[in-house]
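The following exercises concern strand pairing and backbone geometry. Each task is followed by a solution in steps.

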Amino acid sequence: MSLAAGTYTIDKEHTVIGFVTKHAMVTKVRGNFGEFEGTINVAENIADSTAEATIKAASISTGNEDRDGHVKNEDFFNVEEYPELSFTTTNVNVDEDGNGTVTGDLTIKGTTKSVDLKVEEVATAEDPFGNFRLGFEAQTKINRKDFGIDFNAPLKTGGVLVSEDIKIELEVSAIKQ
């Protein structure tokens, strides 16, 4: 992997910040956030690199307008009081092949917890327009109750409407500045 040191800005058009949760104990619901920004500062020593991102909570989309409205209200994200989610790195442990862990502080609904993102498939390339790009995939799993998102409804057949575990999936493309 040839990773050039410098500051990279997340390319919104080619990045997906998504999540998956179980609904009604029988199926998965996928969603993503459409409005976000972030930077990745790659250091000569990869372990000294940093990243930060801010996500507009109201930009959530699950493909269902009614569900999106519910997720934006007080039962879940409460976007009026907590308009942003954020992530800031605290530790980078990625090997020369681009695999490893990035640890950081994730803030949702005013609560900050440390999370480990499993990073893989780090790659770089110069695109046809002369931009030097950094790309990678990362994922983690959080318990939404840890962030004060504790709405649920019991099912008559047992279980609950929405699982506590949320899988976060990132597909990031960033352009060197």
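**Exercise 1.** Determine which residue of β3 stands opposite V20, and in which sense the two strands concerned run.

*Solution.* In this predicted model, the residue of β3 that V20 faces is R30. The next step is to place this pair in its strands: β2 covers residues 16–23 and β3 covers residues 27–33. These strands run antiparallel and are joined by seven bridges.

**Exercise 2.** Identify the residue of β6 that stands opposite F33, and state how many bridges link β3 with β6.

*Solution.* Opposite F33 stands I60 of β6. Strand β6 comprises residues 60–61. Its pairing with β3 is antiparallel and extends over two bridges. Strand β3 thus has its seven bridges to β2 and its two bridges to β6.

**Exercise 3.** For N78, establish the sign of phi, the location in the chain, and whether the residue is buried or exposed.

*Solution.* Phi of N78 is near 50 degrees, which is positive although the residue is not glycine. N78 lies in the loop that connects α1 (65–72) and β7 (84–94). The relative accessible area of N78 is 10%; because the cut-off for buried is under 20%, N78 is classed as buried.

**Exercise 4.** Carry out the corresponding analysis for K109.

*Solution.* K109, also a residue other than glycine, has a positive phi near 55 degrees. The loop that holds K109 lies between β8 (100–108) and β9 (111–126). With a relative accessibility of 16%, K109 falls under the 20% limit and therefore counts as buried.

Terms used: Residues are numbered from 1 along each chain as its sequence is written. This is a predicted model: local features need pLDDT of at least 70, side-chain atom pairs count only at pLDDT 80 or more; totals for chains, interfaces and linings use all residues. Side-chain values use heavy atoms; hydrogens and water are left out. Helices (H or I, at least four residues) and strands (E, at least two) are DSSP runs, numbered from the N terminus. Buried means under 20% relative accessible area, exposed over 50%, partly exposed in between (1.4 Å probe, protein chains only). Two strands pair if DSSP finds at least two bridges between them.
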